[in-house]
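Reader: Hey, I've got a structure open and I'm a bit lost. Can you walk me through it?

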Amino acid sequence: MKNMKRILAVMLSLTMVFTMAGCGGSDSASTDSAETATTDTADDAAATDDAAATDDAAADDTAADDTAADDTAADDTAADDTAADDAAADSGSDSTAADDVKNTGDVISVGFAQVGAESDWRMANTQSMQDTFTEENGYKFEMVDAQQKTENQITAIRDFITKGVDYIVLAPNTETGWETVFGEAKDAGIPVIIVDRMVDISDDSLYAAWVGSDFKTEGMNAAKWLADKLDEVGRGDEDINIVTLQGTMGSSAQLGRTEGFGEVAKEHSNWTILDQQSGDFTEEKGQEVMESFLKSYDDIDVVVSENDNMSFGAVTAIEAAGKTVGVDGDIWLISFDATNQGFQYMIDGKINCDVECNPLHGPRVAKIILQMEAGETPEKIAYVDEEVFDASVAEEVLPSRAY
Ligand code: GYE
C-alpha cells in the first residue's frame, strides 16, 4: 500500500512536470550489490597543479546529443506506462542479484580513475564501485582519486598500464585530452571502459563502452519543470531572471546541463539568463559564486545549480543575504543529482525541484566487464533512466532512495 502510494505520487509528479520517462536509454543493469569493499587501495593521486584541460567550455556538443537527445525528447510516449516502474526501480528499491556482478573465473584486476570526492553524488558513485569490485566478487580493485584534475587521471591511467591491469575504468573529469593515453592503453591491450561523464574523442574504437547519464536531457527537463511550474502558479508571462551555478567547466555534466537548459530557455522570451559561473560541483565554491551573484544582481528569481552540493552552498549564501529560498522563497532553486541530502532540502522547502542523476554504476560496469570476458560485445553507449522530482513528492519518495 505504501509502495503503491509512493508510485502514485511519483506518477503524479511526473505527469505534472513533464511527459517523458527519464532518458530513454537502456539501463544496462540494476544496482545495489550488498557486499562491502575491503580490497581497494585508495591511492592518492599525485596532485600536480599544472593547467589541466578543465576550461574547454566551447566543446558544447556532448556525446549524449548525438545518440539520445532526439529519441528522449518530451514526446517519448513510453513515459506513461514505465515511469512509475522506473521511478520505483531507480529510486533505490532496485536490487541486482549479487551473481550478476560476480566473476567466477580468474581474478580480474580493475584500475579505476575516479574524478575526486567533490560531491555526495561522487561519494555514492565511489561506494557503488567499491561495493561491486570486491575480492569476494572476484576482483582486484584499485581506485585513484584524481582530485578533480584531468592530468591526475592521465597519470593514473599510465600507472594502471604499467601495472598491467586487466581493465581500466575512467570517470573522465573533462571531455577532452584523452587520445594519447587511450592510445597507450590500446597499444598495451587494455580495454578502457568509460563511466558517468563522457569523452570527446575522434576515434571511438579507443574505448570499449560507456555508461552514464544523458546530461543534456537532464538540463532540458529542469527547464521544462520551470516552465510548467511558472504556468501553474500564474507566473508564466512574468519576466524571470535566472542565474546558473555551473559544474566543472568542460565536464559532460556541465556541458550537457548548461546546453539543455539553455536550449529550452531560448523558447521563453520572458526568461533572462543573467549570469553563469562555475562552482566546480562543490558546496564551498557554490556558496562563493552565489554570494557574488547576489552582490551583482538584486532581482534573481531562479537559481539553476548543476549539482546538489552547489545548491547547499547557494542556500547558505541566499539566506545569509537576508533572502528566502525554495518553495515559498524569494528565489527558486533547481538542482541536479537528487541525492538523499538533496531530498532533505526539498522536504525542508529549500530546493524546489531536483533532477535525478543516478551514480550507482558499479554493477553496470561489472556487467560490461563480464560481457567482455565472455567474448561478447557490450553496448557501446548505455544511458540510465532518470526522473525529475518536485519538492511536493520528496517526503514520500526519500525513504526508497539508495543514495
Ligand atoms: O552531478 C556531480 C558530480 O558527473 C554526474 O559530478 C556527475 C556529476 C554530479 O560532482 O554532483
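Author: Sure, we'll go through the ligand, then some strands, then two odd residues. Keep in mind that this is a predicted model.

Reader: Cool. How many residues surround the ligand, and which are the closest?

Author: There are 13 residues around the ligand, and the closest are Ser119, Trp121, Ala253, Phe281 and Asn307.

Reader: What classes are in that shell?

Author: Five nonpolar, three polar and five charged residues.

Reader: And which domains do they come from?

Author: Domain 2 (82–212 + 360–386) and domain 3 (215–357) each give at least three residues to the shell. As for elements, helix H4 (120–132) and strand S10 (332–337) each supply at least two.

Reader: Switching topic: is strand S2 mostly covered or open?

Author: Mostly covered. S2 spans residues 108–114, and six of its seven residues are buried.

Reader: Which strands does S2 pair with?

Author: S2 pairs with strand S3 (residues 139–145) in the parallel sense, over seven bridges. In that pairing, alanine 113 stands opposite valine 144 of S3. To get from S2 to S3 the chain goes through H4, and this β-α-β crossover is right-handed. S2 also pairs with strand S4 (residues 167–170), in the parallel sense over four bridges. There, phenylalanine 112 stands opposite valine 169.

Reader: What about the sheet with S10 in it, what's the strand order?

Author: That one is an open sheet of six strands, ordered S8-S7-S9-S10-S11-S13, with mixed pairing.

Reader: Why is one side of S8 and of S13 left without a neighbour?

Author: Strand S8 (271–278) and strand S13 (388–390) stand at the edges and each has a single partner strand, so one side of each has no neighbour in the sheet. From one strand to the next, the twist averages 15°.

Reader: How does S13 pair with S11?

Author: S11 (residues 353–356) and S13 pair in the antiparallel sense over three bridges. Aspartate 354 has phenylalanine 389 in S13 as its bridge partner.

Reader: Ok, and the odd residues?

Author: Most residues other than glycine have a negative phi. Glutamine 147 isn't a glycine, yet its phi is positive, about 50°. Aspartate 280 also has a positive phi, near 55°.

Reader: Where do they sit?

Author: Glutamine 147 is in the loop between S3 and helix H5 (150–163). Aspartate 280 is in the loop between S8 and helix H9 (283–296).

Reader: Is aspartate 280 buried or exposed?

Author: Aspartate 280 counts as buried, because it has 25 C-beta neighbours inside 10 Å and the cut-off is 20 or more. Glutamine 147 has 19 other C-beta atoms within 10 Å, so it is partly exposed.

Key. Residues are numbered from 1 along each chain as its sequence is written. This is a predicted model: local features need pLDDT of at least 70, side-chain atom pairs count only at pLDDT 80 or more; totals for chains, interfaces and linings use all residues. A residue is near a molecule or strand if its C-beta atom, placed from the backbone, lies within 6 Å of it. Ala, Val, Leu, Ile, Met, Phe, Trp, Tyr, Cys and Pro count as nonpolar, Asp, Glu, Lys and Arg as charged, and the others, Gly among them, as polar. Domain bounds come from an automatic or database domain assignment. A residue is buried if 20 or more other C-beta atoms lie within 10 Å of its own, exposed if 12 or fewer, and partly exposed in between; C-beta atoms are placed from the backbone. Two strands pair if DSSP finds at least two bridges between them. A crossover is right-handed if, with the strands pointing away from the viewer, the path from the first strand over the helix to the second runs clockwise. Axes are lines fitted to C-alpha atoms, for helices over the stretch in contact, and angles run from 0 to 180 degrees between N-to-C directions.
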